[in-house]
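Thank you all for coming; I would like to take a few minutes to walk through one structure, beginning with charged pairs, moving on to the nonpolar interior, and closing with some backbone details. Please have the display open while I talk.

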Amino acid sequence: MSERRGSLDALARLVSHASQQRAAVALGGYVNEVSRSAIGVRGISDKAQLGDLVMIRCDDALHPAEVVRLEQARVLVKPFDDRVMPPLGTSVFPEGPFRIAPTPHWKGRVINALGSPLDARGLLPAGTEHVAVDRCAPSAMNRSRVEKGLRSGVNVVDVFVPMCFGQRMGIFAGSGVGKSTLLAMMTKAGDFDTVVLALTGERGREVRDMLEDTMAGKLEKTIAVIATGDESPMMRRLAPNTATAIAEYFRDRGENVLLIVDSITRFAHAAREIAIAAGEPPVSRGYPPSVFSQLPRLLERAGPGLIGEGTITGIYAVLVDGDDHNDPVSDAIRGTLDGHIVLDRGIAAQGRFPAVDILGSISRLAQHNWTAEQAKLATSLRGLISRFEETRDLRMIGAYQAGSDPLIDQAVNLVPLIYDAMQQTPASPLSLDPYSDLASALRPKDPS
């Protein structure tokens with residue numbers, strides 16, 4: 001009897017082990033279609049959701065990919081490494097939403113969009129709480145209000161388009177006009193506890209230049225998320241989301257965070273590639289509809305946190321395609337942000353840097369930064385600059401005579417001094433009081 005009971009117990013264990021193995025196999029699927037744009041997978045349609053992470057077993061390694069389309073009989077996935085081309089029948093396992101586990105020890109580190117270290121400082125420590133990379137913005141009625149001004153360290157910004165903690169500002173410019181340089185100058189502001197830098201779709205050679213030269217001395221409080229232009233669109237779309245999730249972690253700890261994304265346009269380009277690969281039709285200059293829903297969802301995550309928490313001050317570089325400031329992406333971003341700084345190629349050609357178009361730039365929250373006297377001064381100086389630029393052609397052809405209009409005469413005398421006072425380079429020391437510096441530049445010089 002005991003031998004029979006022992007045999008039955010052994011058989012039960014074998015059946016249980018076999019059923020567990022079948023369950024484990026049933027959790028996965030297999031590749032049934034491979035193309036340059038996406039990979040078709042069968043067997044996981046009822047276990048995966050749009051945006052979930054899956055692992056493809058290929059070449060004795062697991063390669064991450066994301067679900068970009070769900071169908072009844074199959075799903076389409078797109079690998080984060082677009083060089084992965086698995087053979088038919090390759091195993092695929094769903095992993096659920098992609099999550100990261102930030103800690104304060106991440107400060108000073110350089111990582112990729114998947115949260116893997118790119119520097120030579122060893123493994124990245126994991127925190128106790130895993131957060132989803134794609135999160136919802138805080139509830140509008142429960143967020144703190146934006147009320148406290150800050151100093152960016154760039155005089156032309158602090159005087160004419162001042163910013164506040166929790167504001168989201170865009171820097172709009174064509175290629176080669178100085179967006180990255182201006183962003184780097186703004187990272188020197190000392191009012192932030194943490195800086196999160198997302199370099200998305202930029203040139204690979206610029207990464208070390210930005211980190212080791214322009215941001216020298218600030219790296220101990222900076223976390224850099226890198227996805228260069230040669231990486232897959234999956235990595236380029238993920239990098240700003242990963243950077244924003246890291247910024248949200250520090251904001252929830254009560255810190256004031258500076259989030260810089262260079263550039264948000266490359267994020268839109270990557271989202272366009274992925275959406276078209278998933279079968280979405282283009283609707284506006286080649287952009288599918290989902291791009292215009294992803295942009296505000298990402299941008300709204302920055303800003304003030306819940307009452308009692310910190311803030312995320314977001315600065316987003318917007319690459320204006322063909323110098324057309326009304327292209328669909330630029331227009332959508334401009335309508336979502338709390339202000340915009342416009343860089344002009346003509347101003348850069350004159351040798352004025354930063355090449356900020358003062359008349360074309362605006363901060364929707366400037367009233368929380370300016371005092372009444374500063375607001376009056378900035379408004380009056382804008383008026384002088386407007387008259388100076390409006391009459392430039394008239395004065396160039398000699399059609400204007402000095403003394404005809406006292407306001408134009410004043411603009412001719414003062415605006416060049418204003419332009420000179422606003423010039424800065426990354427090597428320039430931070431100004432403690434830009435208004436005093438401007439007043440000194442406009443003060444009449446002693447003839448003696």
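Let me begin with a question: is Arg251 buried or exposed? What we are looking at is a predicted model, and every value I quote is computed from it. In this model Arg251 counts as buried, because its relative accessibility is 2%, and the cut-off for buried is under 20%. Its side chain meets that of Asp252 in a salt bridge, with a nitrogen-to-oxygen distance of 3.4 Å, and Asp252, at 33% relative accessibility, counts as partly exposed. This pair does not stand alone, since salt bridges that share partners join Arg135, Glu248, Arg251, Asp252 and Arg301 into one network.

Across the whole structure the search finds 24 salt bridges, and I will mention two others. The side chains of Arg205 and Asp209 form a salt bridge at 3.7 Å, N to O, and both residues lie in helix 4, which covers residues 205-214, where they are four residues apart, or about one turn of the helix. As a general point, an α-helix has 3.6 residues a turn, so residues three or four places apart point the same way. Arg205 is exposed, with a relative accessible area of 57%, whereas Asp209 is partly exposed at 36%. The other example is Asp46 with Lys47, whose side chains meet in a salt bridge at 3.1 Å, N to O; here Asp46 is exposed at 64% relative accessible area, and Lys47 is partly exposed at 34%.

Turning now to the interior, the largest nonpolar core has 57 residues, and Phe160 and Ile341 are the ones with the most contacts inside it. Which helix gives the largest share of this core? That is helix 12, residues 406-422, which contributes seven residues. The core also draws at least three residues from each of domain 2, spanning 100-369, and domain 3, spanning 373-442. If we leave aside residues up to four places away in sequence, Ile341 touches Val157, Val161, Met169, Gly170, Ile171, Phe172, Leu182, Val356 and Ser361. There is also a second, separate core of 52 residues, which includes Phe172, Ala245, Ile246 and Leu298.

Helix 12 deserves a closer look. It has 17 residues and reaches 24 Å from its first C-alpha to its last, close to the 24 Å expected at 1.5 Å a residue. Even so, helix 12 has a kink of about 30° at Leu414, shortly before the proline Pro416. Leu414 is also one of the buried residues of this helix, a list that includes Ile408, Asp409, Ala411, Val415 and Ile418. What do these buried residues of helix 12 pack against? They pack against helix 2 (155-160), helix 10 (372-390), helix 11 (392-396) and helix 13 (434-442).

Let me finish with the backbone, where a few places may be worth checking on your own displays. The peptide bond from Asp262 to Ser263 is cis, with omega near 5°, and Ser263 sits in the loop between strand 13 (256-262) and helix 6 (264-277). A cis peptide bond also joins Phe353 and Pro354, with omega about -5°, and Pro354 is found in the loop between helix 9 (345-349) and strand 17 (362-363).

As for positive phi values, Asp60 has one of about 60° although it is not a glycine; it lies in the loop between strand 3 (53-58) and strand 4 (61-70), and it is exposed, with a relative accessible area of 83%. Arg285, likewise a residue other than glycine, has a positive phi near 50°, and it belongs to the loop between helix 6 and helix 7 (289-299), where it is exposed at 57% relative accessible area.

Pro288 lies in the loop between helix 6 and helix 7 as well, but is it buried or exposed? Pro288 is buried, with a relative accessible area of 0%. Not counting residues up to four places away in sequence, Pro288 touches Arg272, Ala275, Ile276, Glu280, Pro281, Pro282 and Val283. Finally, Pro288 and Pro328 are 40 residues apart in sequence and 11 Å apart in space, C-alpha to C-alpha.

Methods. Residues are numbered from 1 along each chain as its sequence is written. This is a predicted model: local features need pLDDT of at least 70, side-chain atom pairs count only at pLDDT 80 or more; totals for chains, interfaces and linings use all residues. Side-chain values use heavy atoms; hydrogens and water are left out. A salt bridge is a side-chain nitrogen of Lys or Arg within 4 Å of a carboxyl oxygen of Asp or Glu. Buried means under 20% relative accessible area, exposed over 50%, partly exposed in between (1.4 Å probe, protein chains only). Helices (H or I, at least four residues) and strands (E, at least two) are DSSP runs, numbered from the N terminus. A nonpolar core is a set of buried Ala, Val, Leu, Ile, Met, Phe, Trp, Tyr and Cys residues joined through side-chain atoms within 4.5 Å. Domain bounds come from an automatic or database domain assignment. Contact means heavy atoms within 4.5 Å. The expected span of a helix is 1.5 Å times one less than its number of residues. The bend at a residue is the angle between axes fitted to the seven residues ending there and the seven starting there.
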